Structures are given as C-alpha cells and as structure tokens.
Amino acid sequence: MNEGIALSTESLVKSYELDGQKFNAVNGISLAVTAGEFVGLVGPSGSGKTTLLAMLSALLTPTTGKVIIDGSNLSDMSDKQRVEFRRKRVGFTFQANNLIPYLTALENVELMLRLNGELNAAGRARSRDLLARLGLSDRLHNLPSQMSGGQQQRVAIARALIHNPAVVLADEPTASLDTERAHQVVETFAQLIHEHKRAGVIVTHDLRMITYTDRVIQMRDGDVARIYTSREEIKELAASGPG
Amino acid sequence: MQVFLTPLYLAQMEVLRNKVRFFLISLLIALITLLVLFIAALAEGLGGGNREYISKLDADLLVYKADSDLLIAASRLPRSVMNQVRRVTGVRAVGPIAVSNGAIDNPLETPDADPLRVALLGVEAGLPGAPPIISGSPFSTNRAPEAVVERRVIQRLGIKVGDRISIRTNQGSGDETFELLVVGLSDGEQYGLQPVVFLPVLTWDRVRSKTGPNSPLNLNLIAVQLENPKDLAAMKALIPTQVKDVEMAGIREAYEALPGYKEQQSTLDTQRFFTLIIGVLVIGGFFQIQALQKVPQVGMLKAIGAANWMVAVAAIAQIILVTVIGVLLGGGATLLLATTLPPGIPIVFTGQAAVAAIVSLLFIGPIGGAISIRYAARIEPLKALGMSS
Ligand SMILES: Nc1ncnc2c1ncn2[C@@H]1O[C@H](COP(=O)(O)OP(=O)(O)O)[C@@H](O)[C@H]1O
Ligand SMILES: [Mg+2]
C-alpha cells in the first residue's frame, strides 16, 4: 500500500438486475485518493457516480471488489462496525436534507461530535471556528429554515470535517445553488480538504466546479472514461461549461 | 455516556423547537385521560351505588326464594325460613334483609329542598345484614320507631344522630308519613343508587310501601354467616337440601345479579376500552405521519453514523414524554373538575381505579407509537443519497 493513500478501491463492481437483465452500475473501478487530495467525480446522469460514492461510504455493499479506507477493508466489517466507521472516519455532505431541521447551525456541527461521544469545550470551540471559517459566524444560532441553501451546504461541510474523518464525500453539493454561491462553497471546501489533509471526493454534474479539484475521474456507463490529472486538462474540462 | 444521551438530546431538542405541535398532541392525550378517568369514576360511582350495601355485607351467603333468579324484589321468604337456615350445621348466624323504598321529608327550608329518595332496609340489630354503626347506637328493639342512616343522608339533609326524620311511603290510598328517631349513623351504604335508611325489621314492616291488601311480613333475603367461610361452596349446595324452596348466592354473585348491574358495568368498560383505542390511534397516527415526514432527515442521520437504536430510542423517548405530559395534564384537570362536582352525582374517584386507568393510559403512547418506532428504525441510510437497496 502506498504511503499517504487514504482511500482506494480494487475492481469495484455493483450489479443490478433490471427486467431480468444483469447490468453493472459500477463496472470494476480501481482508484486511489491520497490524504489532502480533492478528487472530482463527473459523468452524465446514470453513469454510476452516486453508486460509487455509496460504496465508498459503506452505505452500499459492493457485488465484488474492495474498498479500503485508512487501511481497513470495508467488506471485512460487520454492519455495526460499518455504522461506527461512517460515524468516525467518514464526513458527508448531501444534495439535500443535509441538516437536522430542529438544530441550529452550531448544534448540527456539534452533533457529529456528540454522536462520537467527543463533544467537549474544545470541540465546541472548534465547531464555532470552523463555521466562522466558512463565513457563518453570525449564523451559529440559526435553524436551517433561517438559512439559504448555500449557507446550509457550508454548515454541512463543517459537519463533514469537524470530527477529523479520513475521507470526506460530497454528493452534488451545489445542485441547488446559484453559480456564484456554488463557486464559493466548492472553493472553500477544497481549501479545507487541503488544509485538514483529508481525502475528498466530490460528485458533481456541474463541470465548472472541478476547477477546484486536483484530479477528475470521468465516468460513463459504470466505467472510468477518462482521468484528468494536469491543471491544464482540468481547466479545459471546467471551461467546457456547466455540464 | 454522551453517545447514549444523544438520542435523548435529539428527542428533547425536537420537542423544544416544536413546542406547539407536541403540546397539541399532549393536549389530546390529556382529554383522553380526562375521559377515561371520568368513565372509570362513573363506573365506580354507578357500580358502587348499586352494589355498596350488598358488597359490604358481613355475610358469606345470601338466601333467596327458589326460582327467584337472584332477583331480590322477586324473592319473598317467610321469617320462619331464618330459623330453618340457622339450624343447618355449619351456619354461625343468620339475619333478615327486607327491601323497600320511600322518601325523607327534607327539613331544610329552601325551595329546592326536595324529599330525599331512600332505600328502606329492614334488618335486625347485631345480626348479619345490619350495618356497622360508626356513631350513635343500634336499634333498641325490633319494633322501636328508630332508624340508622348512612352518612349521605346526614350530609344531604343536614341532620344528626338524635334528630327525628319523617319517612313518607306509598300506602295504596296515598302517601303516609312515619316519624322515626335517628339513633345511629352507618358508613356509606347505598342500594339501588339510593342512600339507605335502616329500620328494625318489624318497624320496616309497618313503614314499607304497601300497594295491595295488607300482606304478612316477608323478607327478601337472609344473610348467612358461616362457621368456616372456606366451606362456602359446600354450604351453598347443602343449605337448599335442608331448607325447602330456597336458592343461594355468594356476595359477588348477588350484586352481579342486581338488575342492570352487569350491563351497566360492561357498557362503561366498553366505553373506556374504546376511548383507550382512540387514544392509541390518535398517537399512532400523529407519530406515523411525523415518521413519514422525517424519512430524509432520519436517513441522513443514519448515513452520518447514528445507529438504529439511537433513532428508536429518540422516538420512544418522545412518545413517552408526550404521553406522560398528557396524562399529567389530564389527571390534573380531572382532579380540578372532581372538586367542583355537585353531590349526588354518581362519580367516585377511587385510588385503585384511577391508578389502573392511568397505567393503561401510559401504555397507549408506546402501543400507538410502536409502528412508527419500527418504521423509523428501518429507514435506510441510503435514502440520504436518494437511493434505496
Ligand atoms: N437500487 C437500484 N436498482 C437498480 N438499478 C439501480 C439502483 N440504483 C441505481 N441503479 C442504476 O444504476 C445506474 C447508476 O446510477 P447512479 O449511481 O445513481 O448514477 P449517477 O449518480 O451517476 O446519476 C443507473 O442506471 C441507475 O438507474
Ligand atoms: Mg447521482
């Protein structure tokens, strides 16, 4: 295993049966993400991005292949261990319904520490600082219903990072945001991934957002269609439009 | 520790930030509590009003006339039967019970001071059938113009031991009034939902309502005390073989055979049961709708690492909280209302009945919410990604 690799997959396959026909939503994907690297996952709708993300986060069991995070093989874990693994080692942001509606911004972030039994004075202070870092110091005590979509996404980002997870996974975090807010959110996200040295994976169908990533994996029909690694290639792809 | 408290924290925060919604459901439970407690009290009041004298009898068995179907009004026994029953081996004591009714002229000089309708029971001092005297004294003789009254009579008429009362009964051609001296006071004794006035059995025969031509004294029941109450079943079978033309009943059997008693109690039990069922459905509906609305949120919570038990515990905690608050509110409201009830209404709160009702009420929350708890515990974390397995 390579030094610094936080997340890797080996020949990951997820098969579904559709009208008696077996097909692979994810068709043998191998990849590796190092700590501090921000990877973009792009591709047309139905290409298998969310399915892959679900397997990376131990929410979905692969048909074959392996997911290894922090040296642990997710397939070797019991269901209970996988829940604990998600709680401790994974940070999440979702397309929608990211936050608990009856908790304030600060409480939503602190909840992640609470779930891990780690909420103390230092954790509270870190939660505030992280939210401040995301430009939300005046929103700490607002409920999600009192915040904009972009602000809610930023709270979710804080929650995804606060407990020092190995990997941070984001599924279409900009889907409901206008362009300007989307750029702000993903840019800050990228900065924090780099600073905190997390392995970050962002799923997006908006190609402009990948300017902030270090590498882009383009999927098509469950396969990796192409990998963009150089800044030039990524810039060019990002310039090709909203996707 | 913090991990185990997290579900309680979530449950509490949700309630605190949605106070009105949760308060309304508690209010519904409070109303159901009020209803259930009142129905229980009504069952107790009506049941007690019918049953009280019989159930408090210091006797093991009651003797009826054969084929009376345990209807006290239909049972007529000559006094001589008492001696026959007393002679049966195993019988310790017997006493007469004769039943009629009348009214006491109300000495209060207010316009709404109606005569008090009472049950007139003829008994013999010191024998089974006579009530325990809590103040004053028992009858001096079997034909003395005396009465022992129960406490309600004292309360309603504002009289005391040593006063005279006028008892009015129907004597065929019209009402007649009999003056009696109140010599004693008994504890609560009702019969046929009426307060009881006890008379010496021969005085009773003079005072009782007579619609037809003057008939000889007949008792309605004979109260029997046994040497050994354990022989109840054997004695119940034995007495009719030695005394002609009688049938027997135990105390419980006797009051359950009172006209309408069982029907009344089962009607009220049914009402109480359905009120509880309504409670179960109301709570079940409320929490199920809430569980359906919370699917995305619960999916997300599980995706970020909340275990199923946390979600279930949070749901149970909320249901218990809402139910307990509702039952407390309802119990409090019942207490307040109970103190404002006018006397004479057959609603009686007994500790035992109230505790039983409250325990059953505390169960309606968890039973009603069970489906929603199970539902919430089964929500898949994949829902957070808009997927399902
Ligand atoms: N539970 C499932 N059962 C059957 N097919 C599924 C299931 N989940 C996803 N798929 C299919 O797998 C493919 C990939 O889906 P998905 O990963 O959601 O794509 P993307 O996120 O790239 O839009 C799609 O064709 C989708 O219809
Ligand atoms: Mg998708």
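**Stop 1: chain B as a whole**

Start by selecting chain B and colouring it by secondary structure: you should find eleven helices and 13 strands. Keep in mind as you go that this is a predicted model. Now zoom out until the whole chain fits in the window. The C-alpha trace spans about 95 × 55 × 40 Å along the principal axes of chain B. How does the radius of gyration of chain B sit beside that of a compact globule of 389 residues? Chain B has 30 Å, where such a globule would be near 21 Å.

Switch on a surface for chain B. About 18,100 Å² is accessible, and carbon and sulfur atoms hold 61% of that. Underneath, 51% of the 389 residues count as buried. If you draw the contacts between residues at least 6 apart in sequence, 79% of them join residues at least 24 apart. For a look at charge, show the 33 positive and 30 negative charges of chain B; their mean positions are 8 Å apart.

**Stop 2: B:Leu70**

Next, select B:Leu70 and look at the backbone. This residue sits in the loop that runs between β1 (61–65) and β2 (77–78) of chain B. B:Leu70 is not a glycine, yet its phi is positive, about 60°. Is B:Leu70 buried or exposed? Its relative accessible area is 15%, so B:Leu70 falls under the 20% cut-off and is buried.

**Stop 3: B:Asn106**

Move along to B:Asn106, in the loop between β3 (91–104) and β4 (116–123) of chain B. B:Asn106 also counts as buried, at 19% relative accessibility. That value makes it a close call, because buried means under 20%.

Show the side chain as sticks and add B:Asp114. A polar atom of the B:Asn106 side chain lies 3.1 Å from the backbone oxygen of B:Asp114. To see the rest of the surroundings, add B:Ala113, B:Pro115 and B:Leu157: together with B:Asp114, these are what B:Asn106 touches once residues up to four places away in sequence are set aside.

**Stop 4: helix α9 of chain B**

Select residues 295–303 of chain B, which make up helix α9. How many of its nine residues are buried? Eight are, so the helix is mostly covered. Among the buried ones are B:Val295, B:Met300 and B:Leu301, but also B:Gln297 and B:Lys302. Then step past the end of the helix to B:Gly305, which follows α9 and has a positive phi near 120°.

**Stop 5: chain A as a whole**

Hide chain B and bring up chain A, with its seven helices and ten strands. Chain A has a radius of gyration of 18 Å, close to the 18 Å the globule rule gives for 243 residues, so it is as compact as a globular protein of that length. Its C-alpha trace spans about 50 × 45 × 40 Å along the principal axes.

Run through the views you used on chain B. In chain A, 56% of the 243 residues count as buried. The exposed area is about 10,100 Å², with 45% of it supplied by carbon and sulfur atoms. Of the contacts with a separation of 6 or more, 71% are between residues 24 or more positions apart. Chain A carries 27 positive and 27 negative charges, and their mean positions are 5 Å apart.

**Stop 6: A:Asp70**

Select A:Asp70, in the loop between β4 (64–69) and β5 (72–73) of chain A. Here is another residue that is not a glycine but has a positive phi, about 55°. A:Asp70 is partly exposed, with a relative accessible area of 40%.

**Stop 7: A:Phe85**

Now pick A:Phe85, in helix α2 (residues 79–89) of chain A. A:Phe85 is buried, with 6% relative accessible area. What is it in contact with, leaving aside neighbours within four places in sequence? Select A:Ala58, A:Ile69, A:Leu74, A:Met77 and A:Val90. A:Ala58 is 27 residues away along the chain, and its C-alpha is 8.1 Å from that of A:Phe85.

**Stop 8: A:His163**

Keep A:Val90 on screen and add A:His163, from the loop between α5 (149–161) and β7 (167–171) of chain A. The A:His163 side chain reaches the backbone oxygen of A:Val90 at 2.8 Å. A:His163 counts as buried, at 6% relative accessibility. Beyond four places in sequence, its contacts include A:Arg87, A:Lys88, A:Gly91 and A:Met112. To finish, draw a C-alpha distance from A:His163 to A:Leu119: the two are 44 residues apart in sequence and 9.7 Å apart in space.

Technical notes: Residues numbered from 1 in each chain as written. Chains lettered and ligands numbered in written order. Predicted model: local features only at pLDDT ≥ 70, side-chain atom pairs only at ≥ 80, totals over all residues. Heavy atoms only, no water. Helix = DSSP H or I, 4+ residues; strand = E, 2+ residues; numbered from the N terminus. Rg over C-alpha atoms; globule rule 2.2 N^0.38 Å. Buried < 20%, exposed > 50% of the residue type's maximum accessible area, 1.4 Å probe, protein only. Contact = heavy atoms within 4.5 Å. Areas by Shrake-Rupley, 256 points an atom, 1.4 Å probe, with all protein chains shown as cover. Lys, Arg positive; Asp, Glu negative; His and termini not counted. Charge placed at Lys NZ, Arg CZ, Asp CG, Glu CD. Polar contact = N/O pair within 3.5 Å; in protein donor to acceptor, adjacent residues only side chain to side chain.
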